[in-house]
Amino acid sequence: MILSRAKIEEIAAAVTKDFNQFFFGESGDDNKRFVQATPIDQLASDYLGLSVTFARLSTDGSLCGLTAYTDTEYQIEELGRVRSIPLKRNQVLLDESFIRPGEVRKLCGKRRFTLAHECAHQILFQLESDEEQASCRKRYAERRAYSLRDLKSREDWNEWQANVLGAALLMPQKEIDRAMWYFAGNRKLSNFEGYFGYSDRLALTLLCQTLGVSKSAAVIRLRELGYINDYSYAEFYDPVEVWA
């Protein structure tokens, strides 16, 4: 199933509205309320019915999460030995680094985006036809083991869609619009090859803290929604900066 960005935004808006009604008892359309972060853990477990667990997924940290559409196994090779991790249908497995002592707060934004990405995979799968779902489950047959390379190559075609949908779930357009009104007065932020002036940097920091996302994820999403103007670093000028 190939979806346009506009269609993915429609799906995200519909899921977000239904989830808000389910979780908060309202659709989230109250214009007087403050910016609201997506409770992605509850969306995964309570709304989508996914089981979220943690394990060491790779030796180099290259795999942050995965999900299963049917019972299968995931294999990881460590120190010359192969270790198998059983996966159940509708399970999301996140890397254990996300819950490692001293890393939980530091990796909060990355963990939330990874979980949103895996939720997006499951939502996209549910939108497939019955025939395609059956075919997909057959490919991931029970007791069939997959390596990191297998999983990456098998899901390459769907990664872009899951990234876009995951970002839209974690940072719904209505919440971004609301955040930019509160924190930036609806002005566009100026990005000078990764550098921001003081006021724009402050607005971006407040948005990230409120929505529970990383700076890199927020910048990508803001750019997609037209809230960032990109310039070369040579054009950078911030009258607030004080130079000795």
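Here is a walk through this predicted model, from its nonpolar cores to its salt bridges.

Let's start on the inside. The largest nonpolar core has 37 residues. If you want to find the middle of that web, look for Met-171, Ile-176, Met-180, Leu-189, Leu-204, Leu-207 and Leu-222, which touch the most other members. Quite a few elements chip in with at least two residues each: helices H2 (40-47), H3 (108-126), H5 (148-170), H6 (173-184), H7 (198-211) and H8 (215-224), plus strand S5 (91-95). Apart from this core there is another one, made of 13 residues, including Leu-3, Val-15, Ala-162 and Ala-168.

Met-171 is worth a click. Skipping its neighbours within four places in sequence, Met-171 is in contact with Ile-176, Leu-211, Val-213, Ala-217, Ala-218 and Arg-221.

Now hop over to Gln-36, in the loop between helix H1 (5-23) and H2. Is this residue buried or exposed? Its relative accessibility is 17%, and the cut-off for buried is under 20%, so Gln-36 counts as buried. Leaving out residues up to four places away in sequence, Gln-36 touches Asn-20, Phe-24, Glu-26, Glu-175 and Leu-211.

Glu-175 leads us on to the charged pairs. The structure holds twelve salt bridges, and Glu-175 takes part in one with Arg-33, at 2.4 Å from N to O. Arg-33 sits in the loop between H1 and H2 while Glu-175 belongs to helix H6, so this pair ties together parts that are 142 residues apart in sequence. Both Arg-33 and Glu-175 are buried. Glu-175 also meets Arg-178 in a salt bridge, with an N to O distance of 3.8 Å. That one stays local: Glu-175 and Arg-178 both lie in helix H6, three residues apart, or about one turn of the helix. Arg-178 is buried, just like Glu-175.

Elsewhere, salt bridges with shared partners link Arg-5, Glu-9, Arg-221 and Glu-224 into one network. Arg-221 is a name you've already met, as one of the contacts of Met-171. Within the network, Arg-5 and Glu-224 form a salt bridge whose closest N and O atoms are 3.0 Å apart. What does this pair tie together? Arg-5 lies in helix H1 and Glu-224 in helix H8, so the bridge joins parts that are 219 residues apart in sequence. Arg-5 is partly exposed, with a relative accessible area of 32%, and Glu-224 is partly exposed with 32% as well.

Note on methods:
Residues are numbered from 1 along each chain as its sequence is written. This is a predicted model: local features need pLDDT of at least 70, side-chain atom pairs count only at pLDDT 80 or more; totals for chains, interfaces and linings use all residues. Side-chain values use heavy atoms; hydrogens and water are left out. A nonpolar core is a set of buried Ala, Val, Leu, Ile, Met, Phe, Trp, Tyr and Cys residues joined through side-chain atoms within 4.5 Å. Buried means under 20% relative accessible area, exposed over 50%, partly exposed in between (1.4 Å probe, protein chains only). Helices (H or I, at least four residues) and strands (E, at least two) are DSSP runs, numbered from the N terminus. Contact means heavy atoms within 4.5 Å. A salt bridge is a side-chain nitrogen of Lys or Arg within 4 Å of a carboxyl oxygen of Asp or Glu.
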